Amino acid sequence: PRFLARATTDRAAMQKGLDLLATDSGAGRFAESLNEATQRIEKDKGDYFPVIITVGTMAGDANVRESDINSMNKRLEARPTTVHVILYNNGSGSGSGGANQTQIGISVSKYTGGKFESINSAQRIQSLLSEWGKEVSTMVERQSHQFRVTADRPAGASGAIDKISMGAKPPLVIAGLSFDGRIR
């Protein structure tokens, strides 16, 4: 993966980045690129809930190392990230690795609360990116009003944490507590 534009609210900078979007030659490295994206997020010290929207094809990644998938999942657990996946099949067959891309795409999007779409029409990419972009924008707006609260267990306590409650003085309102920061 490569940055076409860093995260910004500057529409001109975003458009400039989109103008650089072009297809690559050779087979795609879907799992490898997701793994690298999660490595970049792991290194980023920003205080936000990352979102990845990835568009790939059904060709490539015939051999995926289980250790890479495990590492990626550990990073996604440590730094909650929502992953949305669009896989394009141009109709010429799934090619090498298509089953891997599909399995990984479905798994990572389901695990992170993201969306998965397998499509046959390139025109659908534009409409999906527009739809998902609006949803991500809404999610980011909602999350920008969140407070991060960390709770420590009393000494000697053990077992699963299955309930947390909280109170606040007016005008604050407590709504939608989550363990991972994702507000849906």
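# Questions about a predicted model

Q: What relative accessibility makes Glu36 count as partly exposed?
A: Buried means under 20% relative accessible area and exposed means over 50%, with partly exposed in between (1.4 Å probe, protein chains only). Glu36 counts as partly exposed because its relative accessibility is 27%.

Q: What average pLDDT does the protein have?
A: This is a predicted model, so local features need pLDDT of at least 70 and side-chain atom pairs count only at pLDDT 80 or more, while totals for chains, interfaces and linings use all residues. Residues are numbered from 1 along each chain as its sequence is written, and side-chain values use heavy atoms, leaving out hydrogens and water. The score itself is the predictor's confidence in each residue, from 0 to 100. Here 84% of the residues score at least 70, and the protein averages 81.

Q: What pattern of helices and strands does the protein follow along the sequence?
A: Helices (H or I, at least four residues) and strands (E, at least two) are DSSP runs, numbered from the N terminus. The protein comes to five helices and three strands. Read along the sequence, they follow the pattern α-α-β-α-β-α-β-α.

Q: Which element has the highest mean pLDDT?
A: At the bottom of the ranking sits helix H1 (residues 11-19), with a mean of 86. The top value among the elements is 93, and that one belongs to E3.

Q: Which residue in E3 stands opposite Leu87?
A: Strands pair if DSSP finds at least two bridges between them. Strand E1 (residues 51-57) and E2 run parallel and are joined by seven bridges, with Gly56 standing opposite Leu87 in E2. E2 also pairs with strand E3 (residues 116-119) in the parallel sense, over four bridges. Over on that side, the residue opposite Leu87 is Ser118.

Q: How many of the seven residues in strand E2 are buried?
A: Across the protein, buried residues make up 27% of the 184 residues. Strand E2 (residues 82-88) is mostly covered, and its buried residues number six.

Q: How far apart are the C-alpha atoms of Ile53 and His84?
A: Ile53 is found in strand E1 and counts as partly exposed because its relative accessibility is 34%. Leaving aside residues up to four places away in sequence, Ile53 touches His84, Leu129, Trp132 and Val136, where a contact means heavy atoms within 4.5 Å. Ile53 and His84 are 31 residues apart along the chain, yet their C-alpha atoms are separated by 4.7 Å.

Q: What share of the contacts with a separation of 6 or more comes from residues 24 or more positions apart?
A: For this one, you skip contacts with a separation below 6. Of what's left, residues 24 or more positions apart account for 79%.

Q: Why are Arg40 and Glu36 separated by about one helical turn?
A: A salt bridge is a side-chain nitrogen of Lys or Arg within 4 Å of a carboxyl oxygen of Asp or Glu. Arg40 makes one with Glu36, their closest N and O atoms being 2.8 Å apart. They are about one helical turn apart because, in helix H2 (residues 30-43), their spacing is four residues.

Q: Which residue in helix H5 does Lys115 meet in a salt bridge?
A: Lys115 and its partner meet at 2.8 Å, N to O. Lys115 lies in the loop between helix H4 (98-112) and E3 while the partner is in helix H5, so the pair ties together parts that are 20 residues apart in sequence. Lys115 is partly exposed, with a relative accessible area of 32%. Also partly exposed, at 37%, is the partner, Glu135.

Q: How many salt bridges does the count come to?
A: Another of these pairs is Arg124 with Glu131, with the closest N and O atoms 3.1 Å apart. Arg124 counts as partly exposed at 29% relative accessibility, and Glu131 does so at 36%. The count of salt bridges comes to four.

Q: What omega does the cis peptide bond from Pro170 to Pro171 have?
A: Most peptide bonds are trans. The bond from Pro170 to Pro171 is cis, and Pro171 is found in the segment after H5. Its omega is near 15°.
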